[in-house]
Structure formats: structure tokens, C-alpha cells
Amino acid sequence: MENGDWQLVWFTVWISVLSTLLILPFGLAASWLLARRQWPGKSLVETFISLPLVMPPVATGLILLKIFGRRGAIGGFLHNHFDFDIVFTWRAVLIALCVMSFPLFVRSARVAFEEINPRLEEIARTLGAGNGRVFCTITLPLAARGIVGGLLLAFARALGEFGATIMIAGNIPGHTSTISLAIFQSVQLGHDDNAYRLLAVSVVLAFAAVWGSECFLRRKKSP
């Protein structure tokens with residue numbers, strides 16, 4: 001592995017970690033609402049959140065490009081008022097990873113919230129605990145298994161993201177290039193040795209993340 005390869009691996013890992021941390025508060029809110037509340041249009045919101053799982057990643061990337069590009073609604077506003085660009089920067093990579101990994105975390109956390117017996121929360125409320133304290137001391141600890149497993153799944157998804165990332169961020173070495181993009185570029189240029197080295201690193205990282213997720217999801221609940 002050359003210095004450039006290690007830099008590539010480091011960039012992929014830290015931006016995947018950052019995207020996973022960013023989706024945590026929004027994913028918790030969405031999964032709790034989907035698990036515990038009923039409201040008109042809930043199925044539409046649920047379907048919208050799950051769309052990145054079934055849509056072609058390049059199609060999702062194209063939508064993001066239209067939204068965050070200089071002519072897009074958000075990208076145009078940021079560029080015109082703050083001279084702030086998103087596409088073809090590391091921020092575009094971050095957005096692509098967040099969007100593509102968000103549904104996996106929500107699905108896992110939602111199941112975890114649904115498995116909690118509501119009577120335990122009701123008992124805590126009858127003892128004087130407020131909603132915030134019940135959520136922090138009863139709901140979150142009981143759902144921790146699914147939440148942590150979902151975070152690891154989201155991290156694994158972010159590590160391997162390709163289609164949406166290349167659409168909105170491109171493949172700029174030293175700026176937006178991730179392991180997946182570098183593997184594709186190496187194969188295109190006939191640098192098979194470099195592609196296989198990065199492939200090995202990618203497999204190790206993905207295996208560790210998925211294995212960790214499975215361990216958390218299979219852990220038995222405490223009596």
C-alpha cells in the first residue's frame with residue numbers, strides 16, 4: 001500500500017463515520033415516529049425514506065445533483081448568497097453517503113423500537129418520569145441493540161457507496177475519491193494490482209462492520 005492508498009482509506013473511513021454520526025439523530029426521530037405514532041401519510045413518508053434502497057444509486061445521485069448543484073434549489077441558494085459549493089467537494093460525498101445509508105439505519109432502529117413493551121414506559125411514567133427521561137432511561141437502552149446494529153449497517157453501506165457518490169461528487173483524487181471509486185478507476189486504467197489491494201481493504205472493512213452489526217442484532221435481550 002502506498003501513501004496515497006492509505007490516504008484514500010483514511011478519507012473513506014472518516015467520512016463514512018461522519019455520515020453515520022450525522023444520520024443518528026434524524027434516524028432516531030424518524031424510526032421512533034414510524035414505530036410509535038400514527039398520522040395521515042405515514043406510509044408515504046415510510047416509502048420515501050426507503051426509496052434509496054430500491055432506486056438505482058446513480059438515479060439518486062442525479063436527484064442530489066439537481067438539488068445541490070449551482071442551478072439547484074439548495075445549491076443555487078448557497079452559491080448565490082454564501083459563495084458556498086457542495087457538488088464535486090467532500091461535502092457532496094458526505095451527502096451521498098448519508099442519503100444512501102439512512103434507510104438501513106431507520107429500518108433497524110424502527111424494529112428495535114417496535115420490540116419494546118410499551119408497558120415498561122407506562123410504568124416509568126406512573127412513577128413520575130417525564131417523557132424525556134423515559135426515552136433516555138427506558139426506551140433508548142432497550143432499543144440499543146438494534147440502534148447500534150443499524151449504525152454499523154449504515155457505516156458498512158457508506159463504505160461501499162459508489163453510484164450516488166460519483167454522480168454528485170465525481171472522482172477527484174485527494175478530494176472526493178473513495179475506495180469504491182478508486183477501485184473502479186484502477187480497473188478502467190488497467191491497474192489491476194492496485195484495484196485488488198483496495199478490494200482487499202474494502203472486504204476487510206465491510207466484513208468487520210457487517211459482522212459487528214450481526215453480533216449486536218443477535219444478542220439476546222437482558223432479562
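## Surface and overall build

About 12700 Å² of the protein chain is exposed, and carbon and sulfur atoms supply 67% of that area. Keep in mind as you read on that this is a predicted model. Of the 223 residues in the protein chain, 40% are buried. The C-alpha atoms fill a box of roughly 65 × 40 × 30 Å when it is taken along the principal axes.

What is the chain built from? The protein chain has 10 helices and zero strands, so its pattern along the sequence reads α-α-α-α-α-α-α-α-α-α. Contacts also reach across the sequence: among those between residues at least 6 apart, 72% join residues at least 24 apart.

## A nonpolar patch by helix H2

Let's look at one spot on the outside. Phe48, Leu51, Leu53 and Val54 make a nonpolar surface patch of about 400 Å². Val54 belongs to helix H2, which covers residues 42–54. Is Val54 buried or exposed? Its relative accessibility is 67%, and because the cut-off for exposed is over 50%, Val54 counts as exposed.

## Salt bridges

How many salt bridges does the structure hold? There are six. One of them pairs Arg110 with Glu46, whose closest N and O atoms are 2.0 Å apart. Arg110 sits in helix H5 (residues 90–114) and Glu46 in helix H2, so this pair ties together parts that lie 64 residues apart in sequence. The two partners differ in their cover: Arg110 counts as buried at 17% relative accessibility, while Glu46 is partly exposed with a relative accessible area of 26%. Glu114 joins in as well, since Glu46, Arg110 and Glu114 are linked in a network of salt bridges.

Another salt bridge runs between Arg70 and Asp85, with 2.8 Å between the closest N and O atoms. Here both residues come from loops: Arg70 lies between helix H3 (57–68) and helix H4 (73–82), and Asp85 lies between H4 and H5, so the pair ties together parts 15 residues apart in sequence. Asp85 is partly exposed, at a relative accessible area of 21%. A further bridge joins Glu115 to Arg145, the closest N and O atoms being 3.1 Å apart. Glu115 is in the loop between H5 and helix H6 (118–126), whereas Arg145 is in helix H7 (residues 131–160), so this pair ties together parts 30 residues apart in sequence. Glu115 is partly exposed with a relative accessible area of 41%, and Arg145 is partly exposed too, at 22%.

## Helix H10 and its packing

Helix H10 takes in residues 192–218, and its length can be checked. At 1.5 Å a residue, its 27 residues should span 39 Å; the end C-alpha atoms are 38 Å apart, which agrees.

Which residues of H10 are buried? They are Asn194, Ala195, Leu198, Val201, Ala209, Gly212 and Ser213. These buried residues pack against helix H1 (3–36), H7 and helix H9 (179–189). H7 is also the helix that holds Arg145, the partner of Glu115 described above.

## Cysteines

If you are wondering about disulfides, the structure holds zero. Are Cys98 and Cys215 buried or partly exposed? Cys98 counts as buried, at 15% relative accessibility. Cys215 has 33% relative accessibility and counts as partly exposed.

Key: Residues numbered from 1 in each chain as written. Predicted model: local features only at pLDDT ≥ 70, side-chain atom pairs only at ≥ 80, totals over all residues. Heavy atoms only, no water. Patch = residues over 30% accessible without salt bridge, like charges linked within 9 Å, V, L, I, M, F, W, Y side chains within 5 Å. Areas by Shrake-Rupley, 256 points an atom, 1.4 Å probe, with all protein chains shown as cover. Salt bridge = Lys/Arg side-chain N within 4 Å of Asp/Glu carboxyl O. Helix = DSSP H or I, 4+ residues; strand = E, 2+ residues; numbered from the N terminus. Buried < 20%, exposed > 50% of the residue type's maximum accessible area, 1.4 Å probe, protein only. Expected span 1.5 Å × (residues − 1). Contact = heavy atoms within 4.5 Å. Disulfide = S-S within 2.5 Å.
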